[in-house]
Amino acid sequence: MLFGKSTHVTKEMVLAALSKIQEPELHRDLVTLNMVKEIEIAEGDVSFTITLTTPACPLRNQIESEARAAVAKLPGVRQVTVKFDAQVRADHRIGAKLNVPIKNIIAVGSGKGGVGKTTVSVNLAVALGQMGAKVGILDADIYGPNVPMMMGVSEMPPVVGEKMTPATAYGIEVMSIGFLVPEGEALVWRGPMLHSAIRQLFTDVAWSDPSAGSGQGLDYLIVDLPPGTGDAQLSLAQLVPLTGGIIVTTPQAVSLADARRGITAFQRLEVPVMGIIENMAGEVFGEGGGEHAAEALGVPFLGRVCLEPSIRQGGDAGEPAVVAQPDSEQAAVFRAVAQKVAAQVSVLNARRPAAPRSPIKLEMGAS
Ligand SMILES: Nc1ncnc2c1ncn2[C@@H]1O[C@H](COP(=O)(O)OP(=O)(O)OP(=O)(O)O)[C@@H](O)[C@H]1O
Ligand SMILES: [Mg+2]
């Protein structure tokens, strides 16, 4: 038995220690951010849970080691157990505008066709799902709805009741504009028809159906846009606030000029640009162009994916690289991109003012 110095650690002491630890991206401490719960103390054994703002948190290890060290220093502590869970914060503008159970929407675009938008979209979606997020993918590419093929699904389940049910693959909910229209027909659609089809893909689809036990809604909906800067982008952005946009480009100059236009289009629609992905890097198209463009345009560079036959094969076979070759270098790039995107979503949502309790009515008219 020791006398003198107190050897009893208390919950208050644990909280005080954790209030010195910063969330590295949100730049506020874990306690202020409400991330610490379930503190349990048994003799000198302390355990607690940290609730991350995304299961795809790239800095989990850093948070863990700093939190562990801070608590281990407290008097009387013998052992520290750090558990993690995650609660993805919502972009509240979405729920304020549309009654859909979707927390965040990330649009994937490109100035030019054929650069790998769909490939990036499916790998990003599946990677986020593999990390524990609830994810959907919406194929809004009227000219080439390829998401079903790359996800290995051919149709949605039969419609029962009022809403359409998304297909599922690799734990991801999949909905495609191609499910709504016969092949080829949509090519001649004009703006208003496209707009109403895109609206249906949000409002007439039972995303994250609570009766299926999925509860709180999709953490992330990835939207694969058609190439270019046309009607679909405009419709989508008018319909629902987009949490962020990603631009895919190949490394050569002609693609980069288009990528620039894609970024400008997002900016004009007030969609935060989360960054550029360089795809198909290697001997054929070169390398580094996407990174330079990101630098020149002042947007984040998210990663470089090489031109790899296995990626094309996975696309054709309906098995995204992160599933077919999880140990490959390219799968690791897709996972890193997923983490960077998830972290940006957390930061963007933390910067926004909290959601109003009820929708605020704007006074219109006379001024
Ligand atoms: N890094 C890569 N290595 C090898 N093949 C790739 C890579 N990225 C994409 N591909 C292949 O290139 C083709 C075009 O890719 P994808 O369909 O993803 O592009 P996209 O930008 O969505 O095209 P579109 O404008 O037609 O919608 C596909 O066959 C795909 O499998
Ligand atoms: Mg595509």
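## A guided tour of the predicted model

Start by selecting H27: with 10 C-beta neighbours inside 10 Å, this residue counts as exposed. The cut-offs here are simple: a residue is buried if 20 or more other C-beta atoms lie within 10 Å of its own, exposed if 12 or fewer, and partly exposed in between, with C-beta atoms placed from the backbone. Before you go on, two housekeeping notes. Residues are numbered from 1 along each chain as its sequence is written, while chains are lettered from A and ligands numbered from 1 in the order in which they are written. This is a predicted model, so local features need pLDDT of at least 70 and side-chain atom pairs count only at pLDDT 80 or more, whereas totals for chains, interfaces and linings use all residues.

**Stop 1: two loops**

Stay on H27 and colour the loop between α1 (11-18) and β1 (36-42), which is where H27 sits. Helices (H or I, at least four residues) and strands (E, at least two) are DSSP runs, numbered from the N terminus. Check the backbone too: H27 has a positive phi of about 55°, although it is not a glycine.

Now jump to E270, in the loop between α9 (253-268) and β10. E270 is not a glycine either, yet has a positive phi of about 60°. E270 is exposed, with 9 other C-beta atoms within 10 Å.

**Stop 2: the whole chain**

Zoom out and switch to cartoon. You should find 13 helices and 11 strands. Along its principal axes, the C-alpha trace spans about 85 × 60 × 50 Å. The radius of gyration is 23 Å, which agrees with the value near 21 Å for a compact globule of 367 residues. That radius is taken over C-alpha atoms, and the globule rule is 2.2 Å times the number of residues to the power 0.38. Of the 367 residues, 45% count as buried.

**Stop 3: the two domains**

Colour residues 11-86 as domain 1 and 92-351 as domain 2; such bounds come from an automatic or database domain assignment. Their C-alpha centres lie 34 Å apart. Where they meet, nine residues of domain 1 are in contact with 13 residues of domain 2. On the domain 1 side, that face divides into six nonpolar, two polar and one charged. For contacts, the C-beta atoms, placed from the backbone, must lie within 7 Å. For classes, Ala, Val, Leu, Ile, Met, Phe, Trp, Tyr, Cys and Pro count as nonpolar, Asp, Glu, Lys and Arg as charged, and the others, Gly among them, as polar.

Next, select D91, in the loop between β3 (79-86) and α3 (92-97). Is D91 buried or exposed? D91 is buried, with 23 other C-beta atoms within 10 Å. Beyond residues up to four places away in sequence, D91 touches K103, N104, P241, T243 and N349.

**Stop 4: the nonpolar core**

Which residues have the most contacts inside the largest nonpolar core? Select L124, L128, I222, V223 and V341 to see them; the core has 103 residues. Helix α13 (residues 329-351) gives the largest share, nine residues. Both domain 1 (11-86) and domain 2 (92-351) contribute at least three residues each. A nonpolar core here is a set of buried Ala, Val, Leu, Ile, Met, Phe, Trp, Tyr and Cys residues joined through C-beta atoms within 7 Å. In soluble globular proteins, nonpolar side chains tend to be buried together.

Click on L124 and show its contacts: setting aside residues up to four places away in sequence, L124 touches I222, F334, V337, A338 and V341.

Then pick L236 in helix α8 (residues 231-239), which is buried, with 26 other C-beta atoms within 10 Å. Outside residues up to four places away in sequence, L236 touches A107, A140, I198, V223 and L242. Draw a C-alpha to C-alpha distance from L236 to V223 and you get 9.4 Å, for residues 13 apart in sequence.

M151 is worth a click as well, in helix α5 (residues 147-151). M151 counts as buried, with 27 C-beta neighbours inside 10 Å. Its contacts, apart from neighbours within four places in sequence, are V122, A169, I172, V174 and G318.

**Stop 5: ligand 1**

Finish at ligand 1, which 20 residues surround; G113, K117, T118, T119 and G315 are the closest. Show α4 (117-130), β10 (273-281) and α11 (309-317), the elements that give two or more residues to this shell. A residue is near the ligand if its C-beta atom, placed from the backbone, lies within 6 Å of it. Colour by class and you will see six nonpolar, 10 polar and four charged residues around ligand 1.

Conventions:
Contact = placed C-beta atoms within 7 Å.
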